Each structure stands twice: as C-alpha cells, then as structure tokens.
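Subject: Structure handover

Hello,

Here is the structure I promised to pass on. Please open it first, then read my notes below.

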Amino acid sequence: MLNQQTLDELKTALIKERDLLTKELETIAAPDPNLPGDWDIKHSEWGENQITSKEELETGESVNESDEDMKNKALSDRLELRLKEVNNALKRMDGGNYGTCEICQKEIPLERLKANPAASTDIEHAEKNGI
Ligand SMILES: [Zn+2]
C-alpha cells in the first residue's frame, strides 16, 4: 500500500498537471457547456472573416486556417485525453482505489506511479492499454 505522504506527493503532482493541461487547453479550446470534461476547439479565425483573399474565394477553402485548425484539434485531443487520465487518477484517489492495476488489480509499482502519477495499469498491462 502507498503511504499517505507518497499519496500526497502524487496528488500534488496530478493537480499540478491538471492545472497545466487546463491552461494549455484554454488557449486553443473552450469547455463544452453541454458535455463536462469535453472541450471544443476555438475557431477564432473563422466566422465572418473566414474568407479573406481572392484565392480563397476561388478555391472555397482557406488552407492555412484549416491546417492550423487540424493541428489544434490534434493537440486538443491529446491534452483532453491526458486531462481525463489525470482526473480519473484523482477520482481513484478519492475513492481509495488508486495505485492498483485496472486490469489485474495488482499494485502498480511506485516507480511507475512516480514517472506517471496518472497510470491506471501496471507495466505488464500498460502496452495493451496504450497508456
Ligand atoms: Zn495489470
């Protein structure tokens, strides 16, 4: 079992990461009011000013903006996924079942938790789970 001090340290690390991820997400996305934990990409360049040049009028698409949008979407998906893992880990801490593998229920080695406090599986099951 993890002792309280270790738990506190890991919790602090998780909260720090959650705040960091939230801040990063806020720069490119906004929380979805209808779906807690879900984020929507900001389309700040879109709307009335979407079509800005003659070329874009002719082709009907704005290449630079959609590239940027796709990049932001990929980044936001990654951040959102990680944020969910971090929040799940914090939930498990509150529920008292933090630090055990979700698949085999064995204890997750402390070194692994220190490297990734949001880990929900031990190393044996990490690869299958993709985390
Ligand atoms: Zn396992």
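The chain has 5 helices and 2 strands. Along the sequence they run in the pattern α-β-β-α-α-α-α. Please keep in mind that this is a predicted model.

Some overall values first. The chain has 131 residues, and 32% of them count as buried. About 9000 Å² of the chain is exposed, with 52% of that supplied by carbon and sulfur atoms. Take the contacts between residues at least 6 apart in sequence: 50% of them join residues at least 24 apart. The disulfide count is 0.

The zinc site

Which residues are the protein donors of the zinc ion? They are Cys101 (SG), Cys104 (SG), Asp122, which is listed twice through OD, and His125 (ND1). These donors lie 1.9 to 2.6 Å from the zinc ion. Their spacing in sequence is C-x2-C-x17-D-x2-H. Cys104 sits in the loop between α3 (63–95) and α4 (110–115), while Asp122 sits in the loop between α4 and α5 (123–129), so this pair ties together parts that are 18 residues apart in sequence.

Are these donor residues buried or exposed? Cys101 counts as buried because its relative accessibility is 1%, under the 20% cut-off. Asp122 is buried too, at 6%. His125 is buried, with a relative accessible area of 10%. Cys104 counts as partly exposed, because its relative accessibility is 26%.

His125 deserves a second look. This residue is in helix α5. Its side chain makes a polar contact with the side chain of Asp122, at 3.1 Å. Leaving aside neighbours within four places in sequence, His125 is in contact with Cys101, Ile103 and Cys104. Two of those names, Cys101 and Cys104, also appear among the zinc donors.

A residue to check in the loop

Gln105 lies in the loop between α3 and α4. Its phi is positive, about 65 degrees, although Gln105 is not a glycine. Gln105 counts as exposed, because its relative accessibility is 55% and the cut-off for exposed is over 50%.

The nonpolar core

In soluble globular proteins, nonpolar side chains tend to be buried together. Here the largest nonpolar core has 21 residues. Which of its members touch the most other members? They are Leu14, Leu25, Val86, Met93, Tyr98 and Leu113. Helices α1 (4–28) and α3 each supply at least two residues of this core.

Leu25 is a good place to start. Setting aside neighbours within four places in sequence, Leu25 is in contact with Trp39, Ser76, Leu79, Glu80 and Leu83.

A buried asparagine

Asn72 is found in helix α3. Is Asn72 buried or exposed? Asn72 is buried, because its relative accessible area is 16%, under the 20% cut-off. Not counting residues up to four places away in sequence, Asn72 touches Ile28 and Ile41.

In brief, there are three places to look. Start at the zinc ion with its donors Cys101, Cys104, Asp122 and His125. Then go to Gln105 and its positive phi. Finish at the core of 21 residues, with Leu25 among the members that touch the most others.

Best wishes

Conventions: Residues numbered from 1 in each chain as written. Predicted model: local features only at pLDDT ≥ 70, side-chain atom pairs only at ≥ 80, totals over all residues. Heavy atoms only, no water. Donors = N, O, S within 2.8 Å, 3.2 Å for Na, K, Ca; no water. Helix = DSSP H or I, 4+ residues; strand = E, 2+ residues; numbered from the N terminus. Buried < 20%, exposed > 50% of the residue type's maximum accessible area, 1.4 Å probe, protein only. Contact = heavy atoms within 4.5 Å. Core = buried A, V, L, I, M, F, W, Y, C linked by side-chain atoms within 4.5 Å. Polar contact = N/O pair within 3.5 Å; in protein donor to acceptor, adjacent residues only side chain to side chain. Areas by Shrake-Rupley, 256 points an atom, 1.4 Å probe, with all protein chains shown as cover. Disulfide = S-S within 2.5 Å.
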